[in-house]
Amino acid sequence: MSSIPHPKNHGRLSLGGRIATFLGVTVPIAGLAAAAAAAWGWGFLHWADVAMFLGMYALTVVGLTVGFHRLFVHRSFETYLPVKVVLTALGSMGVQGTMIHWVGLHRWHHRHSDAPEDVHSPHHQGRGVFGFLRGFWHAHIGWAFHADPPALDRYVRDLHKSPTLRATSALFPAWAVLGLAIPAAGGALLTGTWVGAGTGLLWGGLVRILAVHHVTWSINSVCHLWGRRPYATGDGSRDNLVMGFLAFGEGWHNSHHAFPTSARHGLRWWQPDLSYWVIRNLSLVGLAWNVKVPSRQAQAAKRRSN
Ligand SMILES: [Zn+2]
Ligand SMILES: [Zn+2]
């Protein structure tokens, strides 16, 4: 790039918003410290904690990838309202704000991908090593301390039309708390102890939220910096194998920017895409339809390399 345009600053978040964001980012880190101390200091680590972490991680990531992202943002398939409600509840347990707000910001990201108006591009924070590091930080989490772009509501008119989805989205705080209560109850039931409830809460709740946060944010930071770019997309999006695994297929981010409405992000047979596997299985049992995938010709037309 010959010149780096200045990012469009959408203003500062309110003080309350910044405090809430700060707590949302740091409390899960404190949870990891407490979980590690309980495990290695006092030996409180049960197989139930691992089960709670993995089970809650899978459910939350599916809510975010299949629900928030592929269904609500991009309408890459259609499903029944109760399935939409369940996916909204599960994604909300990832503690990243309300579903409708998440959808608005992500639609804005696609509209302005890596342009100065993009809310979380890593590419407009200056030159050199410091510019790179600032860009990574901004794309990963720094952006969340800035105010929303203007008129974001215009990007989510379709979702506002559904009273059920509006209400389910607004119940975000309740879903977030439920995402802590479920692993606490699971830990208590599986171990039959109060300590099990506590460590279940830590591993299936806070540590799981920490993992989901950084995996999700890595799609904005890592997947706009490192990886292959098989498709001509006009932005800095990348296909990243590690994030392809951890984020259930969302790491094929260059492919996604090339075909945003595709329900399948890992378009090649060797690209793991657990979220698409979930959508395929939903469609096999009649719970999803109009599943969109680009034709081979459309894929070949945009491909830069093999
Ligand atoms: Zn992107
Ligand atoms: Zn997207």
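## Helix 7: two sides

In this predicted model, helix 7 covers residues 163-170. Three of its residues are buried: Leu165, Thr168 and Ser169. Viewed down the axis of helix 7, the buried residues fall within an arc of 100°, so they line one face of the helix. The other side of helix 7 carries Pro163 and Ala167, which are exposed.

What covers the buried residues of helix 7? The cover includes helix 3 (81-92) and helix 4 (99-111). It also includes helix 6 (157-160) and helix 8 (172-191).

## Helix 2 against helix 4

Helix 4, part of that cover, also meets helix 2. Two packed helices are described by the angle between their axes and the distance between the axes. Helix 2 spans residues 47-73. Its axis and that of helix 4 come within 10 Å and cross at roughly 60°. The two helices are therefore oblique to each other. The crossing of helix 2 past helix 4 is right-handed.

Which residues meet here? From helix 2 come Phe68, His69, Phe72 and Val73. From helix 4 come Met99, Trp102, Val103, His106 and Arg107.

## The annotated domain

A UniProt record, an unreviewed entry, places the feature "domain: Fatty acid desaturase" at residues 46-271. In the model, that span is 60% helix and 1% strand. The C-alpha atoms at the ends of residues 46-271 lie 33 Å apart.

Methods
Residues numbered from 1 in each chain as written. Chains lettered and ligands numbered in written order. Predicted model: local features only at pLDDT ≥ 70, side-chain atom pairs only at ≥ 80, totals over all residues. Buried ≥ 20, exposed ≤ 12 C-beta atoms within 10 Å, placed from the backbone. Helix = DSSP H or I, 4+ residues; strand = E, 2+ residues; numbered from the N terminus. Arc of directions from axis to C-beta. Contact = placed C-beta atoms within 7 Å. UniProt positions renumbered as here; feature names shortened; annotations may be inferred. Axes fitted to C-alpha atoms, helices over the stretch in contact; angles between N-to-C directions. Parallel < 35°, antiparallel > 145°, perpendicular 65-115°, else oblique. Left-handed = near helix turned anticlockwise from the far one by under 90°.
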